[in-house]
Amino acid sequence: MHKAGMRQSTHRLTCPLMNLAQAAVVVMLLAACGGGGGSDPPGATSQSASTSTNDPPDPWASAQAQVSNFGGAATVVDPGVVGSNTSCGIEVPCGAGGIILNENCSPQAVICGPTGIALDASGNVYVAGGNAIYRFTPAGVMSVFAGGVSAGYADGQGVSALFNAPQGMTFDANGNLLVADSGNNAIRMVTPAGTVSTVAGSPTRGSADGSGSAATFSAPVDVAVDANGNIIVADGGNSAIRKISAAGAVTTLAGGPKTSTFNWPTGVAVDPSGNVVVMDVGANKVLKVTQAGVTTVAGTGGAGSTNGAASAATFGSTGPYDPLHAPIQYGPAGIVVDKFGYMFVVDRGNNEVRMITPSGVVSTLAGQPDQTWGTSNGVGPAALFDTPAHIAMDSNANLYVTEDGNSDVRRLSPVP
């Protein structure tokens, strides 16, 4: 696939989700609509986890996914009902507590267009939405943790700090929340007390390595932390995976704007062996970065929803171009890896959550492929999603997935 332009907003990265770099998306969107088929190969298991005898035991090894809502019911975005603001990214107050929305968001939305998600050691769930980061208690009670309605770039305490369309998030070993502040081309840190600072990058877009503000990023989309405390960044606009050391030095692990290693990396995680696992939504592949280089974990590169062996599996929608959903359908898609090495992938183009076992078997945990949007809860294929974005896991192996199409958070629990 190639890269082409998509309109930008100085206020937020989402329409309703994202403001990706000008040289990055439209051709990718059109290309993602073509490609491979969506049927399963003979003998593949489409809706339940399939493992080999070499795979370690895991709560998800032979489980189905029970899908439910977290933090409030889904509030469906109706793309056919446009509010008073017709420019993507213009925000107006709505909902309880002055929560923001864009022109297509339901006024009843708790958070409009949620993107990044992470959980702390106490089970609190943190969700990025608009230009703010919200905290939910395990019971689902919400408060604003940092940022607010207005887009901007400012360090500070809690709501006095400013973000510009924050995306993927994760926690470090000290309980600090790390945020890919995509609209500001920066990686930000929020302490447990809510103090926001900048780790690296600045509103200036670029691809330079260096330290602190001397380093530049281009619409970073996700972050992860390795065992040594290094921050791994999916630098979407640069088609690169970057590393920030504990001392703040930024280097490029793999890829870059002048290479073809990645197309549009949108999700990043670290596996139990310390390898970096990447969801490259532009290439319809899951990739792995090791000291030996970059290899394919799963995906042929063609679009589809085929399950089974990693070498035959496909990701991404084959549905026709839909002007109501396509601007968000192929946006950031996250990935998380558990302590056993099982990978859980948001297949955004297919409205599915997929699993890859350590031996490379791909299966669908929940959702239905192609342009099957919905809000239904239930087990496996009975559950329907609308443009899921990022994913996180709690200590009990429950998965949490943000959906900008439904303006909600869904919880997936393993059941026999």
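1. Let me start with one residue that is worth a look: V110 sits in the loop that runs between β3 (99-101) and β4 (114-119). Please keep in mind that the model you have in front of you is a predicted one.

2. Is V110 buried, exposed or partly exposed? Its relative accessibility is 27%, and because buried means under 20% and exposed over 50%, V110 counts as partly exposed. Along the chain, V110 and S407 are 297 residues apart, yet their C-alpha atoms are separated by 7.3 Å.

3. Those two residues also meet around an internal space, since V110 and S407 are both in the lining of the largest cavity. Other residues that line this cavity include F70, G71, G72 and A73, together with I111, P114, V127 and F136. D408 and V409 are part of the lining as well. By class, the lining has eight nonpolar residues, three polar ones and one charged one.

4. How many cavities of 30 Å³ or more does the structure hold? There are two, and the largest has a volume of about 70 Å³.

5. On to the packing. The largest nonpolar core is made of 39 residues, and W60, V286, F344, I356 and L412 are those with the most contacts inside it. Two or more residues each come from β1 (64-70), β19 (276-280), β21 (293-298), β23 (335-337), β24 (343-347), β25 (352-356), β26 (361-367) and β29 (399-403). Among these, β24 gives the largest share, four residues.

6. I356 is a good place to zoom in on this core. Setting aside neighbours within four places in sequence, I356 is in contact with V286, V297, A298, F315 and G341, among others. Its partners also include Y342, M343, V345, V361 and V362. Another core, of 14 residues, lies apart from the largest one, and A128, L177, V190 and V196 are among its members.

7. For your annotation check, the unreviewed UniProt entry carries the label "repeat: NHL" for residues 217-247 and 256-292. In the model, residues 217-247 are 0% helix and 52% strand, with the end C-alpha atoms 18 Å apart. Residues 256-292 are 0% helix and 46% strand, and there the end C-alpha atoms are 17 Å apart.

8. Finally, the overall picture. The protein has 30 strands and two helices. Of its 416 residues, 58% count as buried. Taking contacts between residues at least 6 apart in sequence, 51% join residues at least 24 apart.

Conventions:
Residues numbered from 1 in each chain as written. Predicted model: local features only at pLDDT ≥ 70, side-chain atom pairs only at ≥ 80, totals over all residues. Heavy atoms only, no water. Core = buried A, V, L, I, M, F, W, Y, C linked by side-chain atoms within 4.5 Å. Buried < 20%, exposed > 50% of the residue type's maximum accessible area, 1.4 Å probe, protein only. Contact = heavy atoms within 4.5 Å. UniProt positions renumbered as here; feature names shortened; annotations may be inferred. 1 Å grid on protein atoms, 1.4 Å probe; cavity = no way out; pocket = protein on both sides within 12 Å on 5 of 7 lines; lining within 4 Å. Points joined across faces, edges and corners; volume = space filled by probe spheres on them. Nonpolar A, V, L, I, M, F, W, Y, C, P; charged D, E, K, R; others polar.
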